Amino acid sequence: MSAPSAGELVKQWESEQERLRQQVVEDDTEDWQRTPGFSGLKRLGGVDLSFIKGDEINACAQLVVLSYPDLELLYEDSQMVALTAPYVAGFLAFRETPFLLEALQRLKKNQPALVPQVVFVDGNGLFHYREFGLACHLGLLSGLPCVGVAKNLLQVQGVDKNEEHQSQIAALQKGGDSFPLTAASGKVLGKALRSSDKSSKPVYVSVGHKISLDTAVRLTHSCCRYRVPEPIRQADIRSREYLRVHFPTAET
């Protein structure tokens, strides 16, 4: 049987996203999510993939688990992987999710006491072309609450990086301030968050799974020592360091 064409693959993926989208939970499901200081939250996960420059296939899949609220490292897993699925805009999850899910499964098998209670994903959740980004995909397949945090604005569903958007960013006065990312339909898909007093450039927070948007924004802000929330920042730092050590002549 021949492999599906690019067009057939995209249709398959669209269908899969539509099917899984119906299962995403956009509400708080855990007791710790409903408390002002997230009482009961002890472990945060962060995931990321880093590539060698010029190589779109070989990457370091990284999982970290940090303590909360101290944000100290409890666990890390760095694994070289080969991404076989092609890169298609809007379908990043089909390239990356299998390897991030494997990292979570290894942790569950080897050190179940350290499985995170929520996972931060370097990417979008509901703020996506079909409201099913990487954070939704990973959350649904892992069964864990997930938060998508993107560093750049994905211009989808009528959300544009226009003058109005820039003026809304300028109006964010302090860390914790945010404004909604509203689709043309009127649905709020995420929020732009000024995550730190030190950084005027926002991050874009959206629901992945099993958490409400307001809680996701509040939690993201509480995890930011700098602009990017610490679980994602540490996953990025450690995956790049792994590549630097194991591939010293390559650029990352």
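Let us start at one spot: Phe-120 stands opposite Val-147 in strand E5. These two strands, E4 and E5 (residues 146-150), pair in the parallel sense over 4 bridges; strands count as paired if DSSP finds at least two bridges between them. Helices (H or I, at least four residues) and strands (E, at least two) are DSSP runs, numbered from the N terminus. Residues are numbered from 1 along each chain as its sequence is written. You are looking at a predicted model, in which local features need pLDDT of at least 70, side-chain atom pairs count only at pLDDT 80 or more, and totals for chains, interfaces and linings use all residues, while side-chain values use heavy atoms, with hydrogens and water left out.

Now step back to the whole sheet. It is open, has 8 strands with mixed pairing, and runs in the order E3-E2-E1-E4-E5-E8-E7-E6. Strand E3 (73-82) and E6 are the edge strands, each pairing on one side only.

Next, the empty spaces. Rolling a probe the size of a water molecule over the atoms shows where empty space is left. A pocket here is an open set of points on a 1 Å grid over the protein atoms alone, where a 1.4 Å probe fits, with protein on both sides within 12 Å along at least five of seven lines; lining residues have an atom within 4 Å of a point.

The largest pocket holds about 780 Å³ of space. Of its 33 lining residues, Tyr-87, Leu-92, Glu-96, Asp-122 and Gly-123 lie nearest the centre. Strand E4 (118-122), which we met at the start, gives at least two residues to this lining, as do strand E1 (43-51), helix H2 (92-110) and helix H6 (230-246).

The second largest pocket holds about 180 Å³. Among the residues lining this pocket are Asp-160, His-165 and Phe-179. Helix H4 (163-170) and strand E6 (178-182) each give two or more residues to the lining, and E6 has the largest share, with 4 residues.

What about the cysteines? The structure holds 0 disulfides, a disulfide being a pair of cysteine sulfur atoms within 2.5 Å. Cys-60 is in none, and the nearest cysteine sulfur, that of Cys-146, is 19 Å away. Why is Cys-136 not bonded to Cys-146? The Cys-146 sulfur is the closest one to that of Cys-136, but at 8.7 Å the two are too far apart for a bond. Cys-136 is buried (under 20% relative accessible area, with a 1.4 Å probe and protein chains only), because its relative accessible area is 0%. Cys-60 also counts as buried, at 0% relative accessibility.

Notes: Points joined across faces, edges and corners; volume = space filled by probe spheres on them. Buried < 20%, exposed > 50% of the residue type's maximum accessible area, 1.4 Å probe, protein only.
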